[in-house]
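Biologist: I should like to go through this structure with you and ask how each description is justified. Please set each value against the criterion behind it.

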Amino acid sequence: MEMETRCDKVGVVETTKPDSATCQSLVTRLAFTCAKRLTGVDLESSGLVNWTEAEPSSVGPFLIGVAGGSASGKTTVCNKIMQGLGDRRCVMIALDWFYKGLEDEEDASSYNFDHPDSLDFELLLLCLEKLIRGQSTEVPCYDFSTHKRLPVKRLITPGEVVIIEGILTFYPLDIRNMLHMKIFVDEDPDTCLCRRIRRDVSSRGRTIESVLSQYEKFVKPSYEEFIAPTKRYADIIVPRGAENLVAIDLVIKHIALKLSQPDLRRLYPNLVIMGDNPQIQGLHSVFRDREASREDFIFHADRLIRLIAEEGLSLLPFQQSSVYTPTGDVYHGFKYSAELASVSIMRGGDAMEAGLRAVCKNICIGKMLIAKDPLDPSSDRKVIYCKLPSELSQKHVFLLDPILGTGKTAVKAVEELLRRGCIESHIIILSLVASSEGVRSCFEHFPQLKLVTSAIDHLHVSGRVTPGLGEFADRYFGT
Ligand SMILES: Nc1ncnc2c1ncn2[C@@H]1O[C@H](COP(=O)(O)OP(=O)(O)O)[C@@H](O)[C@H]1O
Ligand SMILES: Nc1ccn([C@@H]2O[C@H](COP(=O)(O)O)[C@@H](O)[C@H]2O)c(=O)n1
Ligand SMILES: [Mg+2]
């Protein structure tokens, strides 16, 4: 009888082209040296091998979570996704490897392996954090026939895509929040049970009777209590598991698209960066120039703010609308279906108001002043002044913050908006320039808000955005 030890079944998919981290590893260096000794050919300088030592991805891997009932087809679906990603470096982690396992005195027939407490989520989190940082990690190996961890570990090297699959993948909030895509495999329970009986008898050392009694006592009730409720967190629900080739194809195409985006948009779907064209870069070239006159600065900043505001407007909900044209024909189009308001984070946000009003004539604009205690520069930011439009819970809100640096001010402003009834997904931050650190901070605190910017800069250790454009409000108001 073949016993299943999950470590041997599921692991790292090695691709033909190593990623940069692997390329830089000592092992590869050793391989180059050996090859040179054996063949006399220096592969590194020969051009025969064109692995570039590119910087490791600054945005980290694309994290996919796959959940669903036992034997619904999660592992099979994941294998198909990995196959479809071809030579992308893809790593699969099974939640099953993280079972805590039984102590000698514990009896498997009275242990609930479908309860969240049976899994070591803390260890899983540590392993994922390492992979996110681009480091290798060791994972446990689990033996389903003895219900124990094996005394060996498996080394998982980082990948561009990391897939975590298991019945309770969406259960812990901290893991759920890390995922960039959540897939729930939804299969008919009878089909799952039939598959589970076959699999557990043939490869997990079980009898039909033990599978059935475990199913009745633990598997089914725990599915209903802990697993099924997590279906609502899924971005995609895949019925018929691995047979659903259309769904799998769509998932593969989405991942491929995300991997082709070499920036933060891969991780944060609600981030809009508009700077990829010469028109916008042309505007930046004027107002970022320290020699620009105040008149030029204002003119070009206002032009850019209008474009950013238009982009923000395109994120609002629309509804169908028809009008009669002067020819008496009907034109079927759209109109906004949301009420809009705006809030400026003083003082920089004030300087965005003229540009915003040029595209949203009568928009109601509130104000917020957020600052640290001047006597204690290490203190947290506080809301010093706040005057907001009424009925925020009914409105979509543009939050104006021209330069998003650390993101702390914007985060505080969003906290205040939420406290005043605003809905997270209805907040759209408009920024001329945002630092990658500020973007991460905003989305880590509030994954559902939207952020439109025309460029991504970096945060200097001094806390200033670089290359930046100086003090926006001072340059705009001439102060
Ligand atoms: N579409 C399918 N048709 C037939 N058998 C399947 C299908 N999907 C999965 N299986 C089989 O069912 C069993 C459970 O599938 P698996 O992918 O391991 O489920 P899970 O990871 O959700 O527990 C395995 O033996 C697998 O080969
Ligand atoms: N010692 C164990 C550990 C887990 N199980 C069952 O495995 C199921 C999860 O694995 P899938 O591949 O089916 O998702 C889960 O339902 C546990 O009941 C076990 O039987 N013995
Ligand atoms: Mg599985």
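Biologist: What makes α8 and α9 oblique to each other?

Modeller: In this predicted model, α8 and helix α9, residues 208-227, pack at an angle of about 135°, with their axes 9 Å apart. Angles over 145 degrees count as roughly antiparallel, and 65 to 115 as roughly perpendicular. The angle of about 135° falls in neither range, and α8 and α9 are therefore oblique to each other. Their crossing is right-handed.

Biologist: Why are α5 and α10 called oblique?

Modeller: α5 packs against helix α10, residues 245-260, at an angle of about 50°, and the axes are 9 Å apart. Roughly parallel would need an angle under 35 degrees, and roughly perpendicular one of 65 to 115. An angle of about 50° meets neither condition, so α5 and α10 are oblique to each other. The crossing of α5 and α10 is right-handed.

Biologist: What makes α11 roughly antiparallel to α12?

Modeller: Helix α11 (residues 278-287) and helix α12 (residues 294-313) have axes that come within 8 Å and cross at roughly 150°. Since angles over 145 degrees count as roughly antiparallel, α11 is roughly antiparallel to α12. The crossing of α11 and α12 is left-handed.

Biologist: Let us turn to the ligands. How do you know which residues are around ligand 1?

Modeller: The criterion is a heavy atom within 4 Å of the ligand. The residues around ligand 1 are Gly-69, Ser-70, Ala-71, Ser-72, Gly-73, Lys-74, Thr-75, Thr-76, Glu-165, Arg-195, Arg-199 and Glu-243. By class, this shell divides into one nonpolar, six polar and five charged residues. α5 gives the most to the shell, with three residues.

Biologist: What makes the approaches of Ala-71, Gly-73 and Arg-195 to ligand 1 polar contacts?

Modeller: The pair must consist of N or O atoms within 3.5 Å. A backbone N or O atom of Ala-71 lies 2.8 Å from an oxygen atom of ligand 1, and a polar backbone atom of Gly-73 is 3.0 Å from an oxygen atom of the ligand. For Arg-195, an N or O atom of the side chain is 3.4 Å from a nitrogen atom of ligand 1. Each of these distances is within 3.5 Å, so each pair counts as a polar contact. The protein covers 68% of the 550 Å² of accessible area that ligand 1 has on its own. The elements that give two or more residues to its shell are α5 (74-84) and α8 (189-203).

Biologist: Which residues are closest to ligand 2, and how many surround it?

Modeller: Ligand 2 is surrounded by 18 residues, the closest being Ser-70, Asp-114, Tyr-142, Arg-196 and Arg-199. The shell has seven nonpolar, three polar and eight charged residues. α8 and α9 each supply at least two residues of the shell around ligand 2.

Biologist: How do you know that Lys-74, Tyr-142 and Gln-214 make polar contacts with ligand 2?

Modeller: The same limit of 3.5 Å applies. In the side chain of Lys-74, an N or O atom is 2.9 Å from an oxygen atom of ligand 2. For the side chain of Tyr-142, the distance to a nitrogen atom of ligand 2 is 2.6 Å. A polar side-chain atom of Gln-214 lies 3.0 Å from an oxygen atom of the ligand. These pairs are within 3.5 Å and therefore count as polar contacts. Of the 470 Å² of accessible area that ligand 2 has on its own, the protein covers 99%.

Biologist: Some backbone values also call for comment. What makes the peptide bond from Met-346 to Arg-347 cis?

Modeller: Its omega is near 0°. Arg-347 is placed in the loop between β12 (339-345) and α13 (353-359). Another cis peptide bond joins Thr-466 and Pro-467, with omega about 5°. Pro-467 is in the loop between β21 (465-466) and α16 (472-477).

Biologist: Why are such bonds, and positive phi values, singled out?

Modeller: Most peptide bonds are trans, and most residues other than glycine have a negative phi. His-147 has a positive phi, near 60°, and is not glycine. His-147 lies in the loop between β4 (137-143) and β5 (148-156).

Key. Residues are numbered from 1 along each chain as its sequence is written. Chains are lettered from A and ligands numbered from 1 in the order in which they are written. This is a predicted model: local features need pLDDT of at least 70, side-chain atom pairs count only at pLDDT 80 or more; totals for chains, interfaces and linings use all residues. Side-chain values use heavy atoms; hydrogens and water are left out. A polar contact is a pair of N or O atoms within 3.5 Å; within protein, one must be able to donate a hydrogen and the other to accept it, and residues adjacent in sequence count only if both atoms are side-chain atoms. Accessible areas come from the Shrake-Rupley method with a 1.4 Å probe; for residues, only the protein chains shown count as cover. Helices (H or I, at least four residues) and strands (E, at least two) are DSSP runs, numbered from the N terminus. Ala, Val, Leu, Ile, Met, Phe, Trp, Tyr, Cys and Pro count as nonpolar, Asp, Glu, Lys and Arg as charged, and the others, Gly among them, as polar. Axes are lines fitted to C-alpha atoms, for helices over the stretch in contact, and angles run from 0 to 180 degrees between N-to-C directions. A crossing is left-handed if the near helix is turned anticlockwise from the far one by less than a right angle, and right-handed if clockwise.
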